[in-house]
Amino acid sequence: LARDMGVSQPLLSLIFSRRRSLTPAQAKKASLLLKLSSTQERELVDATMLTSKRNPRVQVSLEEQQSRRESNKYKDLDYDRFSALAKWYHMPILALVSTKNFKNNPSWIARRLGITTDEAREGLERLIRLGILISDDNGSLKAADDRVELSPKRSESAVREHHSQMMKRAEETMRTQTDDESWKKRDISSLSMAIDPERIPEAKALLKRFKEDLTSLVTEGNVKEVYQFNVQLFPLTKGEL
């Protein structure tokens, strides 16, 4: 938890023992990692701010307060980037903007994606803040880039959380949508195979090309639904004994 929050283990220990307070930015990040609801997150952040105001140890000079406010702008932006990846509905909101008859209305978005209106509103605001979505003078939205892809250079907690949530969505779809018509609208399959591990980089490059070809195929024409495409390639064996 300390690693994913970006703090040291001793500091986290002090926070748990109530000898140090969370900052609002840390409270927001902890809320994501602990999977708190939007209401619980607001309560934690509000409580953190209240504690900070009461605690004489956080009283600092006006210059330090100004410096802290400037620093928090960057922390909040980092939190926004983290949230945009970790909460599953941000990327689908971005995709939904490109569909035919899209409505820039949180309630409409919430109904289309099966999320709350607050989540839809929060997602829109965050994507606009990050410059991923652009709003014109008429209130219309469009994506800043043709495509946004999660391509981390190393293991990232936010990306891991994003993929975990999307795999759970796939599982939920299989479990709840069991009729033949729903089955025709999806393809969920798997393959177990013995491989040469030295070929994995080539396999990943092949998968990347396939994703690009698939995207080019299905994003043309009458675009009106949002689909999720997951790929998992991982070892089942534990290494040679």
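The expected span of a helix is 1.5 Å times one less than its number of residues. Keep that rule at hand for the views below, which all come from a predicted model.

**Figure 1. The whole chain, from end to end.** Before zooming in, here is the general layout of this predicted model. The chain holds 11 helices and two strands. Followed along the sequence, these elements come in the order α-α-α-α-α-α-α-α-β-β-α-α-α. Of the 241 residues in the chain, 24% are buried. The accessible surface adds up to about 17,700 Å², with 51% of that area belonging to carbon and sulfur atoms. If you take the contacts between residues at least 6 apart in sequence, 58% of them join residues at least 24 apart.

**Figure 2. Helix α9, checked with a ruler.** Helix α9 covers residues 157–176. How far apart should its ends be, and how far apart are they? With 20 residues at 1.5 Å a residue, α9 should span 28 Å, and its end C-alpha atoms are indeed 28 Å apart, so the two values agree. The buried residues of this helix are Ser 157, Ala 158, Val 159, Glu 161, His 162, Gln 165 and Met 166. Glu 161 also has a distant partner in sequence: Leu 85 is 76 residues away along the chain, yet the two C-alpha atoms are 7.9 Å apart in space. Leu 85 belongs to helix α5, residues 62–86. Its relative accessible area is 23%, so Leu 85 counts as partly exposed, whereas Glu 161 is buried.

**Figure 3. An aromatic pair and a charge over a ring.** The chain has three aromatic pairs. One of them joins Trp 88 and Tyr 89 in an edge-to-face arrangement, with 6.0 Å from centre to centre and 85° between the planes. Are these two residues buried or exposed? Both Trp 88 and Tyr 89 are buried. Look for Arg 169 as well: its charged end sits over the ring of Trp 88, at 3.9 Å from the ring centre.

**Figure 4. The largest nonpolar core.** In soluble globular proteins, nonpolar side chains tend to be buried together. Here the largest nonpolar core brings together 19 residues, and those with the most contacts inside it are Ile 93, Phe 102, Ile 109, Ile 115 and Leu 133. Three elements give two or more residues to this core: α6 (90–96), α7 (106–113) and α8 (117–129). A separate, second core has 10 residues, including Ala 2, Met 5, Leu 22 and Ala 30.

**Figure 5. Ile 109 and Leu 96, two residues in contact.** Which residues does Ile 109 touch, leaving aside its neighbours within four places in sequence? Its contacts are Ile 93, Leu 96, Phe 102, Lys 103, Ala 120 and Leu 124. Leu 96 is found in helix α6. With a relative accessible area of 2%, Leu 96 is buried, because buried means under 20%. Leaving aside neighbours within four places, Leu 96 is in contact with Phe 102, Trp 108, Ile 109, Arg 112, Leu 113 and Val 226. Among these, Arg 112 lies 16 residues from Leu 96 along the chain, with 8.8 Å between their C-alpha atoms.

**Figure 6. Helix α8 and the glycine that follows.** The 13 residues of α8 should span 18 Å at 1.5 Å a residue, and the end C-alpha atoms are 18 Å apart, which agrees. Ala 120, Glu 122, Gly 123, Leu 124, Arg 126 and Leu 127 are the buried residues of this helix. Two of them, Ala 120 and Leu 124, are in contact with Ile 109. Just after α8 comes Gly 131, with a positive phi of about 80°.

**Figure 7. Asn 101, a loop residue with positive phi.** Most residues other than glycine have a negative phi. Asn 101 is not a glycine, but its phi is positive, near 65°. Where does Asn 101 lie? The residue is in the loop between α6 and α7. Its relative accessibility is 60%, so Asn 101 counts as exposed.

**Figure 8. Ser 21 and Thr 48 across the sequence.** Ser 21 is placed in the loop that runs between α2 (9–16) and α3 (24–33). At 25% relative accessibility, Ser 21 counts as partly exposed. How far is Ser 21 from Thr 48, in sequence and in space? The two are 27 residues apart along the sequence and 6.9 Å apart from C-alpha to C-alpha.

Methods. Residues numbered from 1 in each chain as written. Predicted model: local features only at pLDDT ≥ 70, side-chain atom pairs only at ≥ 80, totals over all residues. Heavy atoms only, no water. Helix = DSSP H or I, 4+ residues; strand = E, 2+ residues; numbered from the N terminus. Buried < 20%, exposed > 50% of the residue type's maximum accessible area, 1.4 Å probe, protein only. Core = buried A, V, L, I, M, F, W, Y, C linked by side-chain atoms within 4.5 Å. Contact = heavy atoms within 4.5 Å. Areas by Shrake-Rupley, 256 points an atom, 1.4 Å probe, with all protein chains shown as cover. Phe/Tyr/Trp six-rings, centres within 6.5 Å; stacked < 30°, edge-to-face > 60°. Lys NZ or Arg CZ within 6 Å of the ring centre and 35° of its normal.
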